[in-house]
Amino acid sequence: MGGHKPKRKESPKSRSGDGSSRPPRSEARSNRAAKKKAPAAKRSLRVVKGESKQIELPLTAKERRKRSSLKLVSPQPSSTESVPKSPPRVSAETLATRQREISVSEFFTRNRHLLGFDNPQKSLLTTVKEAVDNSLDACEEAGILPEIAVSIHTLAEDRFRVAVQDNGPGIVRAQVPKIFAKLLYGSKFHTLKQSRGQQGIGISAAAMYGQLTTGKPVCIWSRTGKSKPAHHYEMHIDTRRNAPEVVKDETLSSWTLDHGTRVEIELAGIYKRGRRSVDDYIEQTAIANPHATIRYTPPTGEEVIYERATRQHPRETIAIKPHPHGVELGALIKMLKETDSRSLKSALQTDFSRISSKVADEILKKAGLKGESRPSRLSREEVERIYRAIPAVKIMAPPTNCLAPIGEETIVSALKKRIEADFYEAITRSPSVYRGIPFQVEVGAAYGGSMPAEELADVLRVANRVPLQYQASACAITKSVIGTDWRNYGLQQSRGALPTGPLLLFVHIASVWVPFTSESKEAIAHYPEILRELRLGLQEVGRKLGAHIRRRRRQAAETKKLAYIQKYIPQIGIALQDILALTDRERDKTVSVLTDTLERSRKI
Amino acid sequence: MKATQAKRYAAEVKRKNRQQDQNTLKLISGTAEETNQKILKRIKPDLKFPVRSLSNVSYSKRSGYLEIGKQKKVRTLTVTTVKTFAQTLRMMSLSKDLIESNDFATKRDAYYQSKNWGDAGFQEQTESDTVMDDIEAMFSMYQVSREQLRFIPDEHGGAVAGQLIVYDPDIETGEVERIDCTRFGSGAYSIPSSVEHLSFETKAKFVLAIETGGMFQRLQSHKFWQKANCILVSMGGVPTRATRRFIRKLSEEAKIPVYAFVDCDPYGISNIYRTLKVGSGNAAHINQFFCVPNARYLGVTPQDIRDYKLPTHPLKEVDIKRAKDALKNDPFFQSQPAWTQAITHLVKMGVRAEQQALAKWGLNYVLEEYLPRKLKQTDRFLP
């Protein structure tokens, strides 16, 4: 490593000499010649030394035999080669014939676990999830209250047909193939905007998985308006080219919906109930998206309808430009290369958020650059100077109106609709920033009711309204819940574990870019700023929960005391009757007056 | 005592008892009435008890026993006290029933009686004992003893032998039993648990209260009481309430002194002798009845250990602690310089000696030499 860095700065000539491994080796073949080569790289010098030592050793017969046999195989036999079993040499030209572009689709075919298709059970869930995410995003962007129908039809024990239909705006005909049958195609990757999808991989990856396991094409129905015709597509993905291959493309004169999209994917999978099941996911999605109505038909059993808990649309999210504090050097270089602005100053002002003319001047002054210079002509060093100047300048936090939290009231009403409990609470923290990216944490809690009292609390992790199912232990949310001392709030909690009690925690992170630990979007990365906001949110809800639990305990104690009073006051009556020879009426009067007096003294 | 005299005595006792019972009944119903009236006026009723702890105890030379102080504990009827309050009232009601039926109950009896009280019943005897102690303390403020409430201790009293005739009247029949304590052969008269109704006739010069049954046995079988013209009482460790009351009554009625003969160790001095003379610290509310203020300490004294060259054992840690506690906290010893000196002396010697250590000089040395010699110098007894 150490030897590598300075070489970069050397001239291309010397670099090429070092880059190819062959020339120094051939030089090293002759011991004396190597010694004369004074400017040879340090590494090769060391090799020469070692080799010269070995030469002095007398060769055993066995070694000699090996060497001679090696000569037969190797096209370029070398007496100084110390490793006898070196593989046959292949020329760079030969290698070049094997080198070619790797298609994204091919890459993900092999690495499908990165996208959440690691096992049949999870694949089924991921497929549903990607389709539902897309539907919800589409409805929201179009300002439509989503009505989504999900059905899973069993074809064989390990084969299902997933159908997800929404009342969204529909997709224009030309876009359909690309959206559903080309990986990394989408509108969301290039903008910083809060949405469920981010990379443009999801639904096409699901389609690809289906194709991979069943050979069946992905089927799409879409219609963009009442007066427009509906289209029906069936497509394969050409994994080699990462391009759609339309099998069927027909225009339908009528369709069930005025506008909307329906996706059907046939795939190999396993359906199971319980934790991390599709059922769970749908229910959690309903909680996280209280403005949506979801109809769900599981492979077994009846259709379940999750009616919307609110008719209020989520706040419209808007795309923001990157904040200078979050940008990395490479990204900065690229942005300045590609900017439409003619001057550096205007590039800074228009391509970033929160850079005013004054701030731009300040950055330029610190970097020692002129505002008029052409941004595309800046050298790497100059850009780095800007990069170093940015943290030294005070810049306003990024705008947070790009975020659309679910909202305290809506979370509470969603929880009320789905979970039977005695206590509901939700907190929406004010927006915060990690790495220059705005985010917002929301924490909801439901406590008591029919939830099991002796089990660990349920944590519903949600990122941009998408419930997360897998990798709970790797997630910043789980870490924060465990890290909160719930004993302060009247709950039991073992060391390093979730709290115990009839508790459901709903934790939502909204951000224009949720930092997941992997492309399968299962766990949120542990950014200190995010952990801090999570902690504060959990504590805030925890305090309210604690107050509730204490109040409940007090009430229980009061009820117990009341029972206690009612148990022993008659005994006082009996004793007084015995001693004072009271009549039964006198006794009962004493008892009732005393009961009344004592009950009044308690605040029940 | 002649028959007519006895009859008159029995009648007198009966009258006195009845008077006392009437007084007790009045106190019980008075307390109940006050409680009931307060309840009807929507005022939370309360019961007052003297605080029972050493901090509320003082030694009065005039009265001669540890007196309970003026600190009072008020138990107001609230949600938390409602159970004990009910139990206290029911216990008082039981006392009333016992007086009216001229019966009695031991602590254990009362505990079993409470099993009829439904919810107010006691789970453990310790609970009923506490309630009983509370009532006893409450009524001790009106000079009413537990025996008068008809709650008698389970513990049996000590043994008595010597120049004493005890008259024990049967309240029902009016017959009076005459008990001659010289006529028990090698046995002895056993003090009953309630002694209030007894009366005495004696020509003895003093009462000798003895710590151990063994020593009592030796003096009794050699009829020491005859030789010394005295009454022997075996305390068997710390004297029970009945034993204390018996000795008190006896010494007051016969106007004779009481001499204590106990082991020379902190337990013998500060527990046995102190309790006999001035009563106990944690039940000070009853001390006015259950103590013998005119008792004096015959021996074994720390000085005796030297004078009689008695075999000794080293003081244990608990002994030293007890001795220091007596010097530091006990109002009785603190008021007696002779005792302060003696106890300090004992601690300095670091040893203790038992009564029976005198057997070193011969088994009967105690009655032939030690006691006669001691009794010649009663003025040198410790207070």
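Select Ala159(B) in this predicted model, and then look across to strand 10 of chain B, where Ser190(B) is the bridge partner of Ala159(B). Strand 10 covers residues 189–190 of chain B, and two bridges hold it in antiparallel pairing with strand 7 of chain B.

Next, extend the selection to the whole of strand 7, residues 159–162 of chain B, and turn the view so that each face can be inspected separately. In a regular strand, side chains alternate between the two faces of the sheet. Here Ala159(B) and Ala161(B) lie on one side, Val160(B) and Gly162(B) lie on the other, and all four are buried, so that both faces of the strand are covered.

From Gly162(B), move to strand 13 of chain B, where the bridge partner is Ile231(B). Strand 13 spans residues 230–234 of chain B, and it pairs with strand 7 of chain B through four bridges, again in the antiparallel sense.

Now select strands 8, 9 and 11 of chain B, which form an open sheet in the order 9-8-11 with antiparallel pairing. Strand 9 (176–180) and strand 11 (199–201) of chain B stand at the edges, and because each has a single partner strand, one side of each is left without a neighbour in the sheet. If you look across this sheet, neighbouring strands are turned against each other by 25° on average, with direction ignored.

Within that sheet, highlight strand 8, residues 165–169 of chain B, which runs antiparallel to strand 11 of chain B and is joined to it by three bridges. A useful pair to label here is Tyr167(B) and Ser199(B), since the tyrosine stands opposite this residue of strand 11 of chain B.

Leave chain B for a moment and colour chain A by secondary structure, which comes to 20 helices and 16 strands. Of the 604 residues in chain A, 39% are buried. Among contacts in chain A with a separation of 6 or more, 69% are between residues that are 24 or more positions apart.

Finally, show both chains together and select the contact between them, to which chain A gives 19 residues and chain B gives 23 residues. On the side of chain A that touches chain B, the elements that give two or more residues are helix 19 (528–580) and helix 20 (584–600) of chain A. Helix 19 of chain A provides the largest share of that side, with 13 residues. Coloured by class, the side of chain A that touches chain B shows 12 nonpolar, three polar and four charged residues.

Definitions and conventions
Residues are numbered from 1 along each chain as its sequence is written. Chains are lettered from A and ligands numbered from 1 in the order in which they are written. This is a predicted model: local features need pLDDT of at least 70, side-chain atom pairs count only at pLDDT 80 or more; totals for chains, interfaces and linings use all residues. Two strands pair if DSSP finds at least two bridges between them. Axes are lines fitted to C-alpha atoms, for helices over the stretch in contact, and angles run from 0 to 180 degrees between N-to-C directions. A residue is buried if 20 or more other C-beta atoms lie within 10 Å of its own, exposed if 12 or fewer, and partly exposed in between; C-beta atoms are placed from the backbone. Two residues are in contact if their C-beta atoms, placed from the backbone, lie within 7 Å. Ala, Val, Leu, Ile, Met, Phe, Trp, Tyr, Cys and Pro count as nonpolar, Asp, Glu, Lys and Arg as charged, and the others, Gly among them, as polar.
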